[in-house]
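Reader: I am new to reading protein models, and I would like to look closely at a single part. Could you take me through one strand and its surroundings?

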Amino acid sequence: MDANLLRFEGVIGYATADSEEAAHFFEHTLGLEPGAEDGGMRFYALSEGVTLTVDVSGGMAGQPPYLLFSSPRVVEAAEHFLQRGCQVRELPWGPDGAGFLARSPEGHTVAVVDEAALEDEGQ
C-alpha cells in the first residue's frame, strides 16, 4: 500500500445509546471536557494527538471501537479496502464524500476521513 494513502490519527471510536448517556459517563463520571460536536459525533481530547470520538446517535450502540485514519485520496483508500474483501459504506456522520467506514470479514472496522475535512475542523 502507498505509505501516503492512510495516516493514523490516534483517535479511538466508541458508541453510546444516546447523548445524555455519553455526557453522564464521559463528562460527569470521567471528567472529560467535551470538544467539538458534529452530527451524531462528540469529540473528547485525551492527550496530545489522541482524541476519543463518541457516536452519541445511538445507532452504533454496542458496536466495537474503531480506528480512525485520514487520507488525502478517500476514493482510492476506499478501493484499497474493497480490493481486500472489506465492506465499505459512507460515514453515518459528516457530509457526502467526507469519508467511509470499512469493515473486514473478521469484523474489524476502521474509519477513513478526508484529510482536508480534519484540517477544517481544527480551525
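Reader: Is strand 7 (residues 99-103) largely enclosed by the rest of the structure or not, and why?

Author: Bearing in mind that this is a predicted model, strand 7 is largely enclosed by the rest of the structure, because four of its five residues, which span 99-103, are buried, and buried here stands for a relative accessible area under 20%.

The partners of strand 7 help to place it. With strand 6 (residues 87-90), strand 7 pairs in the antiparallel sense, over four bridges, and in this pairing F100 of strand 7 has E90 opposite it. Strand 7 also runs antiparallel to strand 8 (residues 109-114), to which five bridges join it, and here the residue standing opposite F100 is V112. F100 can therefore serve as a landmark when you trace the strands in the model, since E90 stands opposite it and V112 in strand 8 does so too. As a general point, the side chains of a regular strand alternate between the two faces of the sheet.

If you then follow the chain from strand 7 to strand 8, you pass through a hairpin in which five residues lie between the two strands. In the turn of this hairpin you will find G107, whose phi is positive, at about 100°. To put the whole together, strand 7 pairs with strand 6 over four bridges, is joined to strand 8 by five bridges, and has four of its five residues buried.

Terms used: Residues are numbered from 1 along each chain as its sequence is written. This is a predicted model: local features need pLDDT of at least 70, side-chain atom pairs count only at pLDDT 80 or more; totals for chains, interfaces and linings use all residues. Side-chain values use heavy atoms; hydrogens and water are left out. Buried means under 20% relative accessible area, exposed over 50%, partly exposed in between (1.4 Å probe, protein chains only). Two strands pair if DSSP finds at least two bridges between them.
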